[in-house]
Amino acid sequence: MCTIGCHLSASKGYLSMAKQAVSIGANTFQFFTRNPRGGSAKAIDEKDVKAFLEFSKENSIVHILAHAPYTLNACAADDRVREFCIMTMGDDLDRMNYTPGQMYNFHPGSHVGQGLETGIAKIAETLNIVLKPEHNTKVLLETMSGKGSEVGFEFSQLREIIDRTALSEKMGVCLDTCHVYDAGYDIVNDLDGVLTEFDKVIGLERLCAVHINDSKNPFSSHKDRHEKIGDGSIGNDAFKRIINHPALKDIPFYLETPNELDGYEREIALLKSIRE
Ligand code: FE
Ligand code: FE
Ligand code: ZN
């Protein structure tokens with residue numbers, strides 16, 4: 001069976017998200033741990049979490065994916081910005097201990113002129129401060145498109161971060177189809193080649209989630225503009241290969257396409273229909 005879902009608004013809590021997911025044919029979902037621009041998180045409602053865990057069991061929801069605010073910068077030049085990232089990620093992971101065994105995705109960071117090497121070193125340093133042995137969540141580095149001074153647009157950069165992270169057994173990768181295509185990995189014409197390279201450089205055992213998005217821009221454009229499935233430069237034929245690929249088909253897929261709930265429902269149905 002295919003594990004597929006989309007990004008949902010977290011405002012009403014876990015149970016509400018799970019019910020919303022099921023109502024549109026999803027069996028997983030992604031959500032922001034707090035306002036995507038940062039800010040404080042709502043306190044964990046233990047009753048909501050308990051109800052969610054029960055509902056999930058009854059409805060075969062096994063995986064959920066939390067997404068860190070995209071304004072965090074684990075390699076910021078400004079120490080206060082980096083301190084805020086450390087505080088937020090630490091707090092997110094403490095809260096995620098209430099839903100054991102789930103995944104937490106973050107954008108590695110932007111080196112803002114410090115250079116890739118410094119960026120990578122600082123991101124690993126940040127992780128070494130944030131990650132604690134008692135955390136029970138997989139922490140995923142998202143593959144980035146390479147816009148601006150983003151770190152993580154080449155598999156080797158993610159590998160370096162993981163190598164320098166002491167608790168590397170907690171680390172995984174989330175592959176974003178729009179981002180890797182924009183970064184210059186040709187998943188349209190050479191999906192096998194890209195995944196072979198991923199395996200060689202990072203190891204497919206680290207691949208824990210896929211963000212399934214089409215791209216508004218052409219191959220290797222380093223732009224990061226998501227498009228609806230089939231309406232962009234990646235296209236339906238490629239998505240059919242992606243969703244059925246032996247290295248990917250058992251990994252959870254998350255739509256982050258420009259859609260409201262009804263659009264997500266249609267895309268989930270579309271992706272299920274091309275699943276072999
Ligand atoms: Fe993301
Ligand atoms: Fe993404
Ligand atoms: Zn994106």
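Start by selecting helix α7, residues 191-201: with three residues, α7 gives the largest share of the lining of the largest cavity. Keep in mind as you go that this is a predicted model. Now add the full set of lining residues, which are Leu175, Thr177, Ile187, Leu191, Val194, Leu195, Ile242 and Leu248. The space they enclose comes to about 40 Å³, and you won't find another cavity to visit, as the structure holds one of 30 Å³ or more. Colour the lining by class and you get seven nonpolar residues, one polar and no charged ones.

**The metals**

Next, show the ligands and pick the zinc ion (ligand 3). Which residues hold the zinc ion? Select His179, Asp224 and His226: the two histidines coordinate through NE2 and the aspartate through OD, at 2.0 to 2.3 Å. Along the chain, these donors follow the spacing H-x44-D-x1-H. Both Asp224 and His226 are buried.

Stay on Asp224 for a moment and look at its backbone. Most residues other than glycine have a negative phi. Asp224, however, has a positive phi, near 65°. You'll find Asp224 in the loop between β10 and β11. Its relative accessible area is 15%, and buried means under 20%, so Asp224 counts as buried.

Walk back along the chain to Ser220, which lies in the loop between β10 (214-215) and β11 (226-227). Ser220 also has a positive phi, of about 65°, without being a glycine. With a relative accessible area of 32%, Ser220 is partly exposed.

Back to the metals: from the zinc ion (ligand 3), jump 5.3 Å to the iron ion (ligand 1). Its protein donors are His67 (NE2), His107 (NE2) and Glu142 (OE), at 2.1 to 2.3 Å. The spacing of those donors along the chain reads H-x39-H-x34-E. Then bring in the iron ion (ligand 2), 3.3 Å from the iron ion (ligand 1), and note that Glu142 coordinates both.

Why is the pairing of His107 with Glu142 worth a look in the fold? His107 sits in the loop between β4 (103-106) and β5 (109-110), while Glu142 belongs to strand β6 (residues 138-142), so the pair ties together parts 35 residues apart in sequence. Switch on a surface and compare the two: His107 is partly exposed, at 21% relative accessible area, whereas Glu142 is buried, at 1%.

**The pockets**

Select Phe32, His67, Tyr70, His226 and Glu256 next. What do they surround? The second largest pocket has a volume of about 280 Å³, and of the 15 residues that line it, these five are the closest to its centre. Two of them should look familiar: His67 is a donor of the iron ion (ligand 1), and His226 is a donor of the zinc ion (ligand 3). By class, the lining of this pocket has four nonpolar, seven polar and four charged residues.

Now move to the largest pocket, with about 470 Å³ of space. Ala10, Gly13, Thr33, Lys42 and Arg95 are the ones to click on, as they lie nearest its centre among 26 lining residues. Which elements should you show as cartoon here? Take β1 (4-8), α1 (14-23), β2 (28-32), α2 (46-58) and α3 (79-96), each of which supplies at least two lining residues. The largest share, three residues, comes from α3. This lining divides into 12 nonpolar, seven polar and seven charged residues.

**The core**

For the packing, show Phe29, Tyr104, Phe106, Leu127, Ile212 and Leu271 as spheres: in the largest nonpolar core, of 75 residues, these touch the most other members. Zoom in on Phe106. Setting aside residues up to four places away in sequence, Phe106 touches Ala68, Ala74, Met89, Ile123, Leu127, Val139, Leu140, Leu141 and Glu142. That last contact, Glu142, is the residue that coordinates both iron ions. Another core, of seven residues, lies apart from the largest one; among its members are Leu65, Leu140, Cys174 and Ala209.

**Last stop**

Finish at Cys2, in the segment before β1. Is Cys2 buried or exposed? Cys2 is buried, with a relative accessible area of 8%. Turn on contacts and, leaving aside neighbours within four places in sequence, you'll see Asn27, Ile243 and Arg275. Draw one more distance, C-alpha to C-alpha, from Cys2 to Ile251: they are 249 residues apart in sequence, yet 8.2 Å apart in space.

Methods:
Residues numbered from 1 in each chain as written. Chains lettered and ligands numbered in written order. Predicted model: local features only at pLDDT ≥ 70, side-chain atom pairs only at ≥ 80, totals over all residues. Heavy atoms only, no water. 1 Å grid on protein atoms, 1.4 Å probe; cavity = no way out; pocket = protein on both sides within 12 Å on 5 of 7 lines; lining within 4 Å. Points joined across faces, edges and corners; volume = space filled by probe spheres on them. Helix = DSSP H or I, 4+ residues; strand = E, 2+ residues; numbered from the N terminus. Nonpolar A, V, L, I, M, F, W, Y, C, P; charged D, E, K, R; others polar. Core = buried A, V, L, I, M, F, W, Y, C linked by side-chain atoms within 4.5 Å. Buried < 20%, exposed > 50% of the residue type's maximum accessible area, 1.4 Å probe, protein only. Contact = heavy atoms within 4.5 Å. Donors = N, O, S within 2.8 Å, 3.2 Å for Na, K, Ca; no water.
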